[in-house]
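Open the model in your viewer and keep the selection panel at hand. This tour goes stop by stop: what to select, then what is there.

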Number of protein chains: 2
Amino acid sequence: MAGVRAPKILSVKDQIAEQIRSDIIAGDLAPNTKLNEKELAERFGLSRGPIRDVILQLTKEGLLISKNNCGASVNSILDPKLQKLMIKLRREIEVFAIEQLKDKLTANDVADLESILDELQEAFERNDYTEVTKIDISFHNYLIHKAGGDELVNIWYPYVMRMRLNYKRITTGEECVNEHRVILDALKDGDISAATKAIKANIK
Amino acid sequence: MAGVRAPKILSVKDQIAEQIRSDIIAGDLAPNTKLNEKELAERFGLSRGPIRDVILQLTKEGLLISKNNCGASVNSILDPKLQKLMIKLRREIEVFAIEQLKDKLTANDVADLESILDELQEAFERNDYTEVTKIDISFHNYLIHKAGGDELVNIWYPYVMRMRLNYKRITTGEECVNEHRVILDALKDGDISAATKAIKANIK
DNA sequence: CGCTATTTTATTGTTTACAAAATAATGACG
DNA sequence: CGTCATTATTTTGTAAACAATAAAATAGCG
């Protein structure tokens, strides 16, 4: 079993949530689109119960906006002022994470991160930008989780999701892979200041 | 109807959530206490459905921690490093809010805030520290909401809740009322720099 | 024809019943 | 007597039916 990466086991609800996030990121669900519980339940072959849980979760993440007795819809673009604030806060969280990670990354961690970058490269070559975005997020998620566990991920995640809503298009593409490689290289060297600089450059 | 403050209409779920938050803040629900859905449902005279929604919500707020098929329990004290980070981030959010509020507070707003401070004073005189904490939060909530709406409240709230878990005792008491009065006075004068300083001093 | 009021429909909120998983309890074996 | 395997019970996850609210359509009136 040595060297075998544990496959991530996701609950049904987490999978549904992930799918809806993808749809929003991909633009299949445009801002202000209203979500119908019954439709979603039929689409995923479930009852409305779990769907409602997912909607609540995505609402807390800021992707959806819900009103009592009126249902949920895809949230719209952030006010620029708030957007700027969120970028700032997200940067601070990620810088904090990198500082915590000094001399904490194991060989296994590095290997995992390398493989995430490989996947990123592949997705980019396939022009699968929705997947690029998701893998991009998972790279950061790995660092955040390693540094602060679920607790830190929980406060970090809404910023990422909310920011994605505003772009909805990957900026350049190749740049994305390179930027993350710089981060990982700096981490491998234990060069916190370089890693911090690279993270700041990546979050925009 | 002039001068009549709108009574806040809360959904059933919001009321339950508020009650459980109070119990946690008051210490009636100690960290690591396991929450039983059936028990809660009976206590509030509801079925398990809405209770589950509330648990999910409080989990996202960081007050509870949930595991698949294992239920939810009251979250425990934060790691000091994370605690420090959260204080820093919360401060930045509140400073941002104050900057946005310059020349935006109406006479009505000021009156509302004054009356919140009055309630704070009363609760303090009754030695009702759970209520003091809740009113304290509502003062800040008013400012945050006015500055950034639900959007900003959503990212701010988890910090407050998470921090409260760590104290669970009001520090001095009278200090609390005074600190908030300083903030409000500075806001009334439009003295952003003083208000910022006061907010920073209050968040610790 | 335009507007409001009422009825109808659709959608969300809640309850109840059932399935699956985890925990607790029991019993066999060393 | 202690440990492990198996069974029983409790608890969470899901599904389906019902109630209440909001949205849409229709009818009545100026």
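Leaving aside neighbours within four places in sequence, which residues is B:Ala97 in contact with? Select B:Ala97 and look around it: the contacts are B:Leu143, B:Ile144, B:Ala147, B:Gly148 and B:Leu152. Bear in mind throughout that this is a predicted model.

**The cores**

Now widen the selection. The largest nonpolar core has 62 residues. A:Ala97 and B:Ala97 are the members with the most contacts inside it. Next, pick A:Ile24, A:Ile25, A:Ile51 and B:Ile51. They are among the 28 residues of a second, separate core. As a general point, nonpolar side chains tend to be buried together in soluble globular proteins.

**Chain against chain**

Colour by chain and go to the contact between A and B. Chain B puts in 21 residues, and chain A puts in 21 residues. Take the chain B side and select its helices H3 (48-61), H4 (80-101) and H6 (129-167): these are the elements that give two or more residues to the side touching chain A. H4 of chain B gives the most, with 7 residues. Colour that side by class and you should find 9 nonpolar, 7 polar and 5 charged residues.

**The symmetry**

Superpose chain B on chain A. The fit has an RMSD of 0.0 Å, reached by a turn of 180° and a shift of 0.0 Å along the axis. The two copies are therefore related as by a two-fold rotation axis. The same surface serves both copies, as 100% of the contact residues of chain B recur in chain A.

**Two domains in chain A**

Hide chain B. Select residues 12-74 of chain A for domain 1, then 80-202 for domain 2. Their centres, taken over C-alpha atoms, are 25 Å apart. Where they touch, domain 1 of chain A contributes 8 residues and domain 2 of chain A contributes 10 residues. On the domain 1 side, select helix H1 (residues 12-26), which gives the most, with 4 residues. By class, that side of domain 1 has 4 nonpolar, 3 polar and 1 charged residues.

**DNA strand C**

Bring chain B back and centre on DNA strand C. It is surrounded by 15 residues, and the closest are A:Gly71, B:Leu46, B:Ser47, B:Gly49 and B:Asn69. Select helix H2 (37-44) of chain A, then helices H1 (12-26) and H3 of chain B; each supplies at least two residues of the surface near this strand. H3 of chain B gives the most, with 3 residues. The surface near DNA strand C divides into 4 nonpolar, 7 polar and 4 charged residues.

**DNA strand D**

Move to DNA strand D. Of the 14 residues around it, A:Leu46, A:Ser47, A:Asn69, B:Glu37 and B:Gly71 come nearest. Here, select H1 and H3 (48-61) of chain A and H2 (37-44) of chain B, each of which supplies at least two residues of the surface near strand D. By class, this surface has 4 nonpolar, 7 polar and 3 charged residues.

**Last stop: a loop in chain A**

Select A:Thr106. It sits in the loop between helix H4 (80-101) and helix H5 (107-125) of chain A. Is A:Thr106 buried or exposed? It counts as exposed, because it has 9 C-beta neighbours inside 10 Å. Finally, add A:Lys188. A:Thr106 and A:Lys188 are 82 residues apart in sequence, while their C-alpha atoms are 9.5 Å apart in space.

Conventions: Residues numbered from 1 in each chain as written. Chains lettered and ligands numbered in written order. Predicted model: local features only at pLDDT ≥ 70, side-chain atom pairs only at ≥ 80, totals over all residues. Domains from an automatic or database assignment. Contact = placed C-beta atoms within 7 Å. Nonpolar A, V, L, I, M, F, W, Y, C, P; charged D, E, K, R; others polar. Near = placed C-beta within 6 Å. Core = buried A, V, L, I, M, F, W, Y, C linked by C-beta atoms within 7 Å. Buried ≥ 20, exposed ≤ 12 C-beta atoms within 10 Å, placed from the backbone. Least-squares fit on C-alpha atoms with pLDDT ≥ 70 in both.
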